[in-house]
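Visitor: I am new to reading structures, and I would like to understand how the words used for them are justified. Could you take me through some of them step by step?

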Amino acid sequence: MVETPMIEIYADGAGLAEIAELAHDPRISGFTTNPSLARKAGVTDYATFAREALKAAAGKPVSIEVLADDVAGMVRQAEDICAISRYAVVKIPVMNTAGEDTGEVIRYLARQKIAINVTAIMTRDQIRSVMRSLDGAEAIVSIFAGRIRDFGYDALPTMRYAVRHRGAAKVLWASTREIWNVYEAEQAGCDIITVPHEMLPKLRMRGKDLTELSLETVRQFHQDGKGYSL
């Protein structure tokens, strides 16, 4: 029997057709995107993309990242994004490109009760700083577990630390690399995990009998080998 994940699944990508299709999938609780994913998807008008993504999501939350690199610009763009739809969640990077903390932006938006997703977090110091800035407010804090691991560090202690100190915030496991991360995130106590659009079909395999899976794999290899000779 295929099990249903206990953690909230947010589909991560910038394909509008995929967002529209996944909006009707009961396993998907929301959506996340970022400028890099938008660029990869061929988006040329980011503002139009933001509006269309929120429309395609059909009432599920969509995290849209600001493009500005300064306090005033981030605040203005955050207000513009949240004005599009009540389902908009504004993504604020944990620092700007000069390495300066964005706590001022986070504090202001939290006080204005604007839904925010603080992104690109990778250290305990950053987690502590973000939690101080939120001061008990609800928000999403995105810890980039996959990127932490890409560089040889163990992400689990950082994820568990965030869970212990989350307050009213939700901890999101970001930069998922494999479906096993869904189970790890659940075990660590995370509230949300982002899963790239192309990985989502593998969620259907959760709890599948491994002997059956082995047979399917053998059959696939056999089928793909037809027409070859040795």
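Visitor: Why is Cys190 called buried?

Guide: This is a predicted model, and in it Cys190 has a relative accessible area of 8%. Buried means under 20%, so Cys190, at 8%, is called buried.

Visitor: What makes Cys82 partly exposed?

Guide: Its relative accessible area is 27%, and because the partly exposed class lies between 20% and 50%, Cys82 belongs there.

Visitor: How many disulfides does a search of the whole structure find?

Guide: The search finds zero disulfides; to count as one, a pair of cysteine sulfur atoms would have to lie within 2.5 Å.

Visitor: Why is strand β4 described as largely enclosed by the rest of the structure?

Guide: Strand β4 covers residues 88–93, and six of its six residues are buried, so the description follows. Ala88, Val90 and Ile92 are buried on one side, while Val89, Lys91 and Pro93 are buried on the other, and both faces are therefore covered.

Visitor: What makes β3 and β4 a pair of strands?

Guide: Pairing requires at least two bridges, and β3 (residues 62–65) and β4 have four, in the parallel sense, so they qualify. Within this pairing, Glu65 stands opposite Lys91 of β4.

Visitor: Which strand pairs with β4 in the parallel sense over four bridges, besides β3?

Guide: That is β5 (residues 116–121), where Val118 is the bridge partner of Ile92. Between β4 and β5 the chain passes through helix α5 (residues 103–111), in a right-handed β-α-β crossover.

Definitions and conventions. Residues are numbered from 1 along each chain as its sequence is written. This is a predicted model: local features need pLDDT of at least 70, side-chain atom pairs count only at pLDDT 80 or more; totals for chains, interfaces and linings use all residues. Side-chain values use heavy atoms; hydrogens and water are left out. Buried means under 20% relative accessible area, exposed over 50%, partly exposed in between (1.4 Å probe, protein chains only). Helices (H or I, at least four residues) and strands (E, at least two) are DSSP runs, numbered from the N terminus. A crossover is right-handed if, with the strands pointing away from the viewer, the path from the first strand over the helix to the second runs clockwise.
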